[in-house]
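User: Could you walk me through the reasoning behind the labels in this model? I would like to see each value set against its definition.

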Amino acid sequence: MNTRPPESEPLLTPAEVAAMFRVDPKTVTRWAKAGKLSSIRTLGGHRRYRESEVRELLTGMVPEQRRGDEPD
């Protein structure tokens, strides 16, 4: 369980999230617009993503990727 208050949770840029998933940063923005990933807007209007949420999504995707790699 994450005991860190939300204000001090690390935030990631779209480029950092994209690198973790090996996708284009525009894809990360589309995921946020589609509601698959929540984002926080900075004062300058840039999107930032909670590291804990990104890691949960990433670990949830790993088993699916492994199943697709298995031979038939």
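User: How many salt bridges does the structure hold?

Analyst: Happy to help! The structure holds one salt bridge. A word on the basis: this is a predicted model, in which local features need pLDDT of at least 70 and side-chain atom pairs count only at pLDDT 80 or more, while totals for chains, interfaces and linings use all residues. Residues are numbered from 1 along each chain as its sequence is written, and side-chain values use heavy atoms, leaving out hydrogens and water.

User: Why is the contact of Arg55 and Glu51 called a salt bridge?

Analyst: The term asks for a side-chain nitrogen of Lys or Arg within 4 Å of a carboxyl oxygen of Asp or Glu. Arg55 and Glu51 meet at 3.1 Å, N to O, so the pair fits the definition. Both sit in helix 3 (residues 51–69), four residues apart, which means that about one helical turn separates them. Helices here are DSSP runs (H or I, at least four residues), strands likewise (E, at least two), numbered from the N terminus.

User: What makes the pair of Phe21 and Trp31 edge-to-face?

Analyst: The structure holds one aromatic pair. In it, the rings of Phe21 and Trp31 lie 5.2 Å apart, centre to centre, with 80 degrees between the planes. Rings of Phe, Tyr and Trp (its six-membered ring) pair if their centres lie within 6.5 Å; planes under 30 degrees apart are stacked, over 60 edge-to-face and the rest tilted. Both conditions are therefore met. The pair links Phe21 in helix 1 (residues 14–21) with Trp31 in helix 2 (residues 25–34), ten residues apart.

User: How do you know whether Phe21, Trp31 and Arg55 are buried or exposed?

Analyst: Buried means under 20% relative accessible area, exposed over 50%, and partly exposed in between (1.4 Å probe, protein chains only). Phe21 has 11% and counts as buried; Trp31, with 18%, is buried too. Arg55 has 44%, so this residue is partly exposed.

User: What puts the buried residues of helix 2 on the same side?

Analyst: Those residues are Thr27, Val28, Trp31 and Ala32. They cover an arc of only 145 degrees around the axis, taken from the directions from the helix axis to the C-beta atoms. The face turned away from them carries the exposed residues Lys26, Arg30, Lys33 and Ala34.

User: Why do strand 1 and strand 2 count as edges?

Analyst: Three strands form an open, antiparallel sheet in the order 1-3-2. Strand 1 (11–12) and strand 2 (40–41) each have a single partner strand, so one side of each lacks a neighbour in the sheet. Pairing requires at least two DSSP bridges, and two join strand 1 to strand 3.
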